[in-house]
Amino acid sequence: EALRPEFKLYADQIVKNSKALAEGVMGKGIELVTGGTDNHLILVDLSNREITGKDAEIALDKAGITVNKNTVPNEKRSPFITSGVRIGTPALTTRGMKEPEMKVIAGWISEVLSDSTNESLHSRIKGQVRELCLKFPIYRQ
């Protein structure tokens with residue numbers, strides 16, 4: 001599969017999506033460990049915020065957005081709590097999403113991180129995530 005020209009296009013789109021997501025969240029005032037990305041993932045640095053990586057992971061999950069808590073350089077919190085979250089774009093790219101969708105997702109991430117205990121916000125965004133995912137099904141018939 002990796003030898004096919006389509007795979008190179010897919011891999012290129014993964015990086016484009018990751019860059020678009022990184023730019024989108026940074027545009028909302030969210031810091032990244034590296035100030036951007038050159039690969040398939042971004043690492044959000046929450047060390048200057050009240051929210052922990054663990055709480056961000058839980059809040060975003062409630063909103064239908066899957067991330068993983070992750071330590072950051074010079075971590076001051078426990079590795080079970082963390083000060084960061086890791087977000088990847090391969091699964092989104094596999095569904096057929098591109099840069100415009102990454103900008104939308106960046107907005108949702110920003111909203112949740114800004115109001116992480118707001119259950120009605122989580123519910124609203126989860127519905128919007130579901131609508132977006134229905135437009136980009138995992139399996140096409």
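How many helices and strands does the protein have? With the whole chain of this predicted model in view, you can pick out 5 helices and 3 strands, and if you follow them along the sequence they come in the pattern α-β-α-β-β-α-α-α.

Stay with the whole protein for a moment before selecting anything. Along its principal axes the C-alpha trace spans about 45 × 35 × 25 Å, and the radius of gyration is 15 Å, which agrees with the value near 14 Å that a compact globule of 141 residues would have. Of those 141 residues, 39% are buried, while the accessible surface comes to about 8,300 Å², with 53% of that area belonging to carbon and sulfur atoms. If you colour by charge, there are 20 positive and 18 negative charges to find, and their mean positions lie 3 Å apart. Among contacts between residues at least 6 apart in sequence, 61% join residues at least 24 apart.

Now select residues 5-27, which form helix α1. The helix has 23 residues and reaches 33 Å from its first C-alpha to its last, close to the 33 Å expected at 1.5 Å a residue. Within this selection, highlight the buried residues, which are Gln13, Ile14, Asn17, Ser18, Ala20, Leu21, Ala22, Gly24 and Val25. As you look at how they are arranged, keep in mind that an α-helix has 3.6 residues a turn, so residues three or four places apart point the same way. To see what these buried residues of α1 pack against, add β1 (41-45), β3 (84-88), α3 (90-94) and α4 to the display. Just after α1, select Gly29, which takes a positive phi of about 90°.

Is Val25, the next residue to select, buried or exposed? Val25 counts as buried because its relative accessible area is 0%, below the 20% cut-off used for that word. Leaving aside residues up to four places away in sequence, Val25 touches Ile30, Leu32, Ile42, Ala106 and Ile109. For a distance to draw in the viewer, join the C-alpha atoms of Val25 and Leu41, which are 16 residues apart along the chain and separated by 13 Å.

The last stop is helix α4, residues 99-114, where you should select Gly107. At 14% relative accessibility, Gly107 also counts as buried. From its C-alpha, draw a line to the C-alpha of Lys16: Gly107 and Lys16 are 91 residues apart in sequence and 17 Å apart in space.

How values were computed: Residues are numbered from 1 along each chain as its sequence is written. This is a predicted model: local features need pLDDT of at least 70, side-chain atom pairs count only at pLDDT 80 or more; totals for chains, interfaces and linings use all residues. Side-chain values use heavy atoms; hydrogens and water are left out. Helices (H or I, at least four residues) and strands (E, at least two) are DSSP runs, numbered from the N terminus. The radius of gyration is taken over C-alpha atoms; the globule rule is 2.2 Å times the number of residues to the power 0.38. Buried means under 20% relative accessible area, exposed over 50%, partly exposed in between (1.4 Å probe, protein chains only). Contact means heavy atoms within 4.5 Å. Accessible areas come from the Shrake-Rupley method with a 1.4 Å probe; for residues, only the protein chains shown count as cover. Lys and Arg count as positive and Asp and Glu as negative; His and the chain ends are not counted. The place of a charge is taken as NZ of Lys, CZ of Arg, CG of Asp or CD of Glu. The expected span of a helix is 1.5 Å times one less than its number of residues.
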